Amino acid sequence: MNILIIGAGKMGYSIGSAWSKRETYTIYMVEKSLTRRKTIKKKNKNLQVDKTLPDFWKGDIVLFAVKPQSFQKLAQVIVKKNILTKNYLSIMAGISADTIAKELMTYMPITRIMPNIGIDIALGVNCILYPKSIKKSSKKTINNLFEHLGTVDILKNEKLLNFVTAISG
């Protein structure tokens, strides 16, 4: 499985690091901070990390782990570089799935997830909001990925994700 994680801060790195321990996952991370990239390369040889998005990347999952205020510019780059995926996942707080889809100019389903820092030790709580249009196979894949990080709770509406964000930070 090919996974592109955009943003290697605390949460993005924790997720990528945990997933990189699985032999069947190829994790490619994008992080703008040189200091952070160097730290990641020292800590985890299984993660491929670069400063910029690759051109014409094609894979199974793109995970947005960036600050919400940088997403609009990022979406423009993703469209320009023709990044293609089967699943878009977002751990960004406060940006709705509809907004993400609009900025990416896509009709692809957007899955929103709110993990917490317990994922560092595989004891996280991951609240997931699936779009109605998601395929069962994609749902199964995403559940499986996040079960490696802790428990998975499925939410039924996007407003609940805001409450989870407020509680877990």
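1. Which helix does Ser17 lie in? Ser17 belongs to helix H1, which covers residues 10–20. Before going further, keep in mind that what you're looking at is a predicted model.

2. Staying with Ser17 for a moment: is this residue buried or exposed? Its relative accessibility is 12%, so Ser17 counts as buried, the cut-off for that label being under 20%. Leaving aside residues up to four places away in sequence, Ser17 touches Asn44 and Leu47. Leu47 sits 30 residues from Ser17 in sequence, yet the two are 7.2 Å apart in space, going from C-alpha to C-alpha.

3. Now for the aromatic rings. Searching the whole structure turns up three aromatic pairs. One of them joins Trp19 and Phe146: the ring centres are 5.3 Å apart and the planes stand at 85°, so this pair is edge-to-face. It's a nice one to find on screen, as it links distant parts of the chain, with Trp19 in helix H1 and Phe146 in helix H5, 127 residues apart. Trp19 is buried, at 0% relative accessible area, and Phe146 is buried with a value of 0% too.

4. Another pair to look up is Phe64 with Phe71. Here the ring centres are 5.1 Å apart and the planes meet at 75°, so this pair is edge-to-face. Phe64 is buried, with 0% relative accessible area, and Phe71 is buried as well, with 2%. Add Tyr88 and you have one aromatic cluster, made of Phe64, Phe71 and Tyr88.

5. On to the nonpolar cores. The largest one has 27 residues, and the members that touch the most others are Ile3, Ile5, Ile15, Trp19, Ile27, Ile142 and Phe146. So which elements each supply at least two residues of this core? They are strand S1 (2–6), H1, strand S2 (26–30), strand S4 (58–64) and H5. H1 gives the most, with four residues.

6. Ile15 is a handy way into that core. Not counting residues up to four places away in sequence, Ile15 touches Ile5, Leu63, Ile91, Pro115, Ile119, Phe146 and Leu149. There's also a second, separate core, this one of 22 residues, with Val30, Tyr88, Ala101 and Leu104 among them.

7. Next, a helix pair. Two packed helices are described by the angle between their axes and the distance between the axes. For helix H3 (residues 71–80) and helix H4 (residues 97–104), the axes come within 8 Å and cross at roughly 45°. H3 and H4 are therefore oblique to each other. Which residues make the contact? From H3 they are Phe71, Gln72, Ala75, Ile78 and Val79, and from H4 they are Ile100, Glu103 and Leu104. Sorted by class, that contact has six nonpolar residues, one polar and one charged. You've met Phe71 already, in the ring pair with Phe64, and Leu104 turned up in the second core.

8. Last stop: Asn143, which is placed in helix H5, residues 136–147. Why does Asn143 count as buried? Its relative accessible area is 18%, and buried means under 20%. Again leaving out residues up to four places away in sequence, Asn143 touches Ile128, Tyr130, Val152 and Ile154. H5 is also where you'll find Phe146, the ring partner of Trp19.

Key:
Residues are numbered from 1 along each chain as its sequence is written. This is a predicted model: local features need pLDDT of at least 70, side-chain atom pairs count only at pLDDT 80 or more; totals for chains, interfaces and linings use all residues. Side-chain values use heavy atoms; hydrogens and water are left out. Axes are lines fitted to C-alpha atoms, for helices over the stretch in contact, and angles run from 0 to 180 degrees between N-to-C directions. Angles under 35 degrees count as roughly parallel, over 145 as roughly antiparallel, 65 to 115 as roughly perpendicular and the rest as oblique. Contact means heavy atoms within 4.5 Å. Ala, Val, Leu, Ile, Met, Phe, Trp, Tyr, Cys and Pro count as nonpolar, Asp, Glu, Lys and Arg as charged, and the others, Gly among them, as polar. Buried means under 20% relative accessible area, exposed over 50%, partly exposed in between (1.4 Å probe, protein chains only). Rings of Phe, Tyr and Trp (its six-membered ring) pair if their centres lie within 6.5 Å; planes under 30 degrees apart count as stacked, over 60 as edge-to-face and the rest as tilted. A nonpolar core is a set of buried Ala, Val, Leu, Ile, Met, Phe, Trp, Tyr and Cys residues joined through side-chain atoms within 4.5 Å.
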